[in-house]
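These are my notebook entries on a single protein chain. I went through its cross-links, charged pairs and rings in turn.

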Amino acid sequence: MKNGMLNRIKNVAKSFLPLCLFTLLPLQAQAQCGIENTAFKSGEFLSYDLYFNWQFVWVKVGTASMSTVQSRYKGQNAFRASLITRGNNKLDNVFVMRDTLLSYTTMDLAPLYHRKGAKEGDRYYVDEIWYSYPDGQCHLRQHEITSKGKHNWQNTNPGKCVYDMMSIYLRARNFDASKMTKGQKITLPIANASHLQDTWLVYQGKETIEMKNNSNKYRCLVFSFMEREDGETKEIIRFFVTDDQNHLPVRLDMFLRFGSAKAYLTGMKGIRSPLTSKVK
């Protein structure tokens, strides 16, 4: 039984990192890698609880927190976004999870630098990406430190705008949902330290949801995050995002090989616009 739970918890941990990140994307490719920011401001802080379904009982197994502040990067104004995930004592008994993601972007959200440091089980590894834009083209300098301490470097010229998990989250909150139609599919160009990957987001329409541990209700836009594995496209995460200017992900349902998990927004401060999606 413990081995079964271990496998299921590992899958929760792997799915937890992007749970706040692949929310909403622009409707079409932009001519440049930046976009006007209308969704958030410096000083925004969001927190989440993660629950895992174990034998029909929802058990809290971890938390996440995300902050976005104005900073400086190589002498220019920039946004600095960070995501920290932590498993609780129940999770630590079977699988240690200590992950930190950091991203710098321009003020119009073009990516500049990304770092992920991950302690997952008995493995620790680091991914880094430096972005530059010679002649208006996106160039990546990628660095990986494997769990065995090996350093791998490579340069990539993708010929299009490419984002990491953090920068695409910031960009994705600044879309015009009024132009989306149910069933619309959007390809996501995502990079890490070793490769590029196209995944998909599907717009599922609107829904009003009630939060866990309180009676708050929100009108939400619903999206499914899809990926292809072994030639088959699967829904990995379903996002419920506030239908207002903030576009906050308030609930995420994760569909795992060994079970299911949910993440709920538990706290927010410094949001930019009134939360008009909240149902009174």
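**Entry 1: Thr 106 and its surroundings**

I looked up Thr 106 first and found it buried, with a relative accessible area of 15%. I note here that the model is a predicted one. I placed Thr 106 in the loop between β4 (97–105) and β5 (111–120). Its side chain makes a polar contact of 2.4 Å with the side chain of Asp 108. Leaving out residues up to four places away in sequence, I listed Gln 76, Asn 77, Phe 79 and Leu 112 as the residues that Thr 106 touches.

**Entry 2: Cysteines**

I then asked which cysteines are joined by a disulfide. The search returned one disulfide, and it joins Cys 33 to Cys 161, with an S to S distance of 2.1 Å. I recorded -95° about the S-S bond, which makes the link of Cys 33 and Cys 161 left-handed. Cys 33 belongs to the loop between α1 (2–16) and β1 (44–54), and Cys 161 to the loop between β8 (151–156) and α3 (165–172), so the bond ties together parts that are 128 residues apart in sequence.

I checked the accessibility of both partners. Cys 33 counts as buried at 9% relative accessibility, and Cys 161 is buried as well, at 17%. I also checked Cys 138, which is in no disulfide; its nearest cysteine sulfur is that of Cys 33, 5.0 Å away. That distance exceeds the 2.5 Å within which two sulfur atoms are taken as a disulfide. Cys 138 is buried, at 5% relative accessibility. For Cys 220 I noted a relative accessible area of 1%, which is buried too.

**Entry 3: Helix α3**

Is α3 enclosed or open to the outside? I found eight of its eight residues buried, so α3 is largely enclosed by the rest of the structure. The buried residues of α3 include Met 165, Ile 168, Tyr 169 and Arg 171. At the N-terminal end of α3 I found a cap: a side-chain oxygen of Asp 164 lies 3.0 Å from the backbone nitrogen of Met 166.

**Entry 4: Salt bridges**

I searched the whole structure for salt bridges and obtained six. As background, side chains of opposite charge can pair when their charged atoms come close. I followed up several of the pairs.

Asp 243 forms a salt bridge with Lys 206, with the closest N and O atoms 3.3 Å apart. This pair links distant parts of the chain, 37 residues apart: Asp 243 is in the loop between β12 (232–242) and β13 (249–256), and Lys 206 is in strand β10 (residues 196–210). I noted Asp 243 as partly exposed, at 27% relative accessibility, and Lys 206 as exposed, at 60%.

Next I looked at Asp 253. Its side chain meets that of Arg 251 in a salt bridge of 2.7 Å, N to O. Asp 253 also forms a salt bridge with Lys 262, where the closest N and O atoms are 3.2 Å apart. I therefore entered Arg 251, Asp 253 and Lys 262 as a linked network of salt bridges. Arg 251 is buried, with a relative accessible area of 14%, and Asp 253 is buried at 8%. Lys 262 is likewise buried.

**Entry 5: Aromatic rings**

How many aromatic pairs are there? I counted seven. For Tyr 73 and Tyr 104 the ring centres are 5.2 Å apart and the planes at 35°, so I entered the pair as tilted. Tyr 73 lies in strand β2 (residues 57–73) and Tyr 104 in strand β4, so the pair ties together parts that are 31 residues apart in sequence. Both Tyr 73 and Tyr 104 are buried.

For Trp 130 and Trp 153 I recorded centres 5.8 Å apart and planes at 15°, so this pair is stacked. Trp 130 is in strand β6 (residues 123–132) and Trp 153 in strand β8, 23 residues apart in sequence. Trp 130 is partly exposed, with a relative accessible area of 25%, and Trp 153 is partly exposed at 45%. I noted that ring pairs link Tyr 73, Tyr 104, Tyr 113, Trp 130 and Trp 153 into a cluster.

**Entry 6: Charges over rings**

Last, I looked for charges over ring faces. Lys 212 lies over the face of Tyr 51, at 4.9 Å from the ring centre. The charged end of Lys 269 sits over the ring of Phe 45, 5.7 Å from its centre.

Technical notes:
Residues numbered from 1 in each chain as written. Predicted model: local features only at pLDDT ≥ 70, side-chain atom pairs only at ≥ 80, totals over all residues. Heavy atoms only, no water. Helix = DSSP H or I, 4+ residues; strand = E, 2+ residues; numbered from the N terminus. Buried < 20%, exposed > 50% of the residue type's maximum accessible area, 1.4 Å probe, protein only. Salt bridge = Lys/Arg side-chain N within 4 Å of Asp/Glu carboxyl O. Polar contact = N/O pair within 3.5 Å; in protein donor to acceptor, adjacent residues only side chain to side chain. Contact = heavy atoms within 4.5 Å. Phe/Tyr/Trp six-rings, centres within 6.5 Å; stacked < 30°, edge-to-face > 60°. Lys NZ or Arg CZ within 6 Å of the ring centre and 35° of its normal.
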